[in-house]
Amino acid sequence: MPGLVGYAQAGALLSLISLILPVEGKGKACLAVSRSRVAFRPLDRLKLAGRTPRYARKVASHATQVSVRSSTPDESLFLNQAPPPPAWKDIDNMRYTSWAEKVDIQGSKVAVKTLPGSLERGLYAEVDIAEGELVVGVPSSMILKVTSNPKERCPRGLVDEELWKTSPWYVKLAYVLLGKKKMRQKEWVPHLDALPTRFETPVHWEPTILNELQYDALIGQVNSQKEEFLRRFRDLKATNVGIAKAVNAEEFVWAMECVRSRSFMGPDGGDIQARNARQLLVIALAIAFILKGGDTGRIIGSVAAASIFGVASDLIVSQKRRQYVMPAFADMANHRSTANATKADINFWNGDVTVFAGTPVKEGEQVYVSYGDKSNDALLQYYGFVEDNNPNDVYIVQKCPDKLRETSIVKNGIGEKAFDTTIRKMKEAGWGPNLESLLILASGDLAPASALMMNTLLSGNPNTVSQWTDDLVKGTESALSEPAKQAMKELCGSELKAKPTTIEDDETLLKEMDNDESDSSRFRQLAIKFRISKKEILETAQRQLS
């Protein structure tokens with residue numbers, strides 16, 4: 001469909017050109033239109049495109065000593081060894097607000113302040129803010145952006161082209177952020193200086209503290225994240241192109257952490273500059289035609305066709321592609337799942353990011369936004385905090401078939417032979433990886449796909465696999481069968497029993513650590529809060545099943 005729209009748009013534009021530049025005899029009149037390489041927001045690309053030598057020189061002038069790491073993962077790379085700088089403890093809000101106004105950021109009703117007793121900053125209301133009122137508005141020029149478009153071009157001179165093509169969105173956005181940091185662009189310096197210099201996410205924890213999570217699913221994710229950070233950094237350094245010459249490992253990890261904790265996702269509005277240029281071209285051609293005394297009706301029709309097809313093309317593409325943005329100032333807002341409609345929205349037409357109050361906010365209160373439906377796994381891994389009573393939290397039971405095999409339903413009910421046959425048929429149907437994990441929601445219910453899987457595994461009839469496959473594809477929801485309920489009770493009980501501590505033990509530990517503000521203590525407190533949230537899900541599921 002996008003291709004057809006593009007052809008139609010091109011046809012309308014060519015018909016317009018033919019009206020202005022008619023062909024007489026054998027002579028031909030040609031209009032050459034250069035193809036824009038701009039795929040980021042105007043500021044991002046216009047400052048970099050076509051200036052490789054100057055960019056490379058400027059990056060080199062800001063280079064720091066690069067420490068080349070061996071192939072063995074270095075734990076010290078991820079550990080917070082230095083205290084936060086004073087500037088992080090007390091931001092000069094007047095200076096920051098003045099800067100925001102100069103770069104056309106709307107945010108006069110809020111101030112950026114450090115949260116009491118925390119290293120995190122947030123947005124606080126300077127005056128009462130009514131529901132639906134604009135809190136922050138960020139122009140596209142102050143937004144770092146990449147998209148899911150596989151043809152998106154790398155900013156010239158930033159990194160190796162092939163490396164850019166094979167990197168996921170969050171790595172690309174980290175490259176862009178590092179480019180801004182190394183260039184020290186005047187309009188970006190105040191915001192870059194206001195970004196956190198260190199993080200409390202589990203990727204920075206020592207292994208002994210990481211094990212305090214008592215949750216293999218997240219421990220495995222964090223270890224994979226460490227390996228990826230090191231691998232991506234080595235891939236960057238191996239190219240020795242652009243910022244690769246000037247970035248060290250600590251800076252790279254910093255950028256990756258900033259991106260993961262401060263970016264928003266939305267539909268891709270397309271190349272805004274290219275769309276605007278296309279519209280200006282159409283208007284210019286229309287004016288030229290009118291000045292030549294042409295048929296006004298025909299030109300209006302051609303202009304309308306070109307404009308409509310252009311917008312339609314971008315709208316269709318936006319439904320399939322995503323853009324990932326880091327909006328200056330707005331990215332200071334903290335998360336709360338109950339923030340109702342307070343979300344950061346990306347304007348399709350101009351690329352601006354706006355935040356409107358979902359509920360009334362009193363003067364002095366913090367303005368929260370919702371980062372989306374995120375579990376405590378995601379909040380802790382990427383943002384460094386745990387949300388109490390998180391309605392989007394989940395508990396992942398790993399190695400599900402092995403654990404179900406130990407339940408009384410399998411041993412004394414359907415039998416291991418029927419159970420193993422069902423598993424074999426489900427794997428043959430292509431659902432092998434789905435069998436390994438069971439997802440329990442914060443409500444205590446199983447996720448729909450997990451409920452279907454449990455009913456099928458414990459049906460005692462391997463012939464139900466085909467029906468399970470159809471229901472899974474259709475998204476059919478199913479209530480748990482009695483055998484599945486019994487097995488779930490036993491699973492939850494065995495998961496809780498396998499934990500080294502109970503919720504009561506954990507709460508006692510937290511009270512004992514109240515006055516300890518060391519890094520290791522803060523990390524451990526986060527780990528304990530996290531594992532309490534997981535045990536609460538298991539206990540909720542037990543009550544539901546009873």
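This passage describes a charged surface patch, the cysteines and a long-range contact in a predicted model.

In the predicted model, a patch of negative charge on the surface is formed by Asp388, Glu504, Asp505, Glu507 and Glu536. The most to this patch is given by helix H21, which spans residues 503-512 and supplies three residues. Another member of the patch, Glu536, is found in helix H22, which covers residues 519-545. With a relative accessible area of 35%, Glu536 is classed as partly exposed, and because patch residues must have over 30% relative accessible area and no salt bridge, this value of 35% lies above the limit on accessibility that applies to Glu536.

The loop between helix H20 (482-498) and helix H21 contains Lys499. Lys499 has a relative accessibility of 13% and is therefore counted as buried, the cut-off for that class being under 20% relative accessible area. Although Lys499 and Gln214 are separated by 285 residues in sequence, their C-alpha atoms are 6.5 Å apart in space.

With regard to cysteines, the structure holds zero disulfides, a disulfide being counted where a pair of cysteine sulfur atoms lies within 2.5 Å. Cys258 is buried, its relative accessible area being 0%, and Cys400 likewise counts as buried, at 0% relative accessibility.

Methods: Residues are numbered from 1 along each chain as its sequence is written. This is a predicted model: local features need pLDDT of at least 70, side-chain atom pairs count only at pLDDT 80 or more; totals for chains, interfaces and linings use all residues. Side-chain values use heavy atoms; hydrogens and water are left out. Patches are made of residues with over 30% relative accessible area and no salt bridge: like charges are joined within 9 Å, nonpolar side chains (Val, Leu, Ile, Met, Phe, Trp, Tyr) within 5 Å. Accessible areas come from the Shrake-Rupley method with a 1.4 Å probe; for residues, only the protein chains shown count as cover. A salt bridge is a side-chain nitrogen of Lys or Arg within 4 Å of a carboxyl oxygen of Asp or Glu. Lys and Arg count as positive and Asp and Glu as negative; His and the chain ends are not counted. The place of a charge is taken as NZ of Lys, CZ of Arg, CG of Asp or CD of Glu. Helices (H or I, at least four residues) and strands (E, at least two) are DSSP runs, numbered from the N terminus. Buried means under 20% relative accessible area, exposed over 50%, partly exposed in between (1.4 Å probe, protein chains only).
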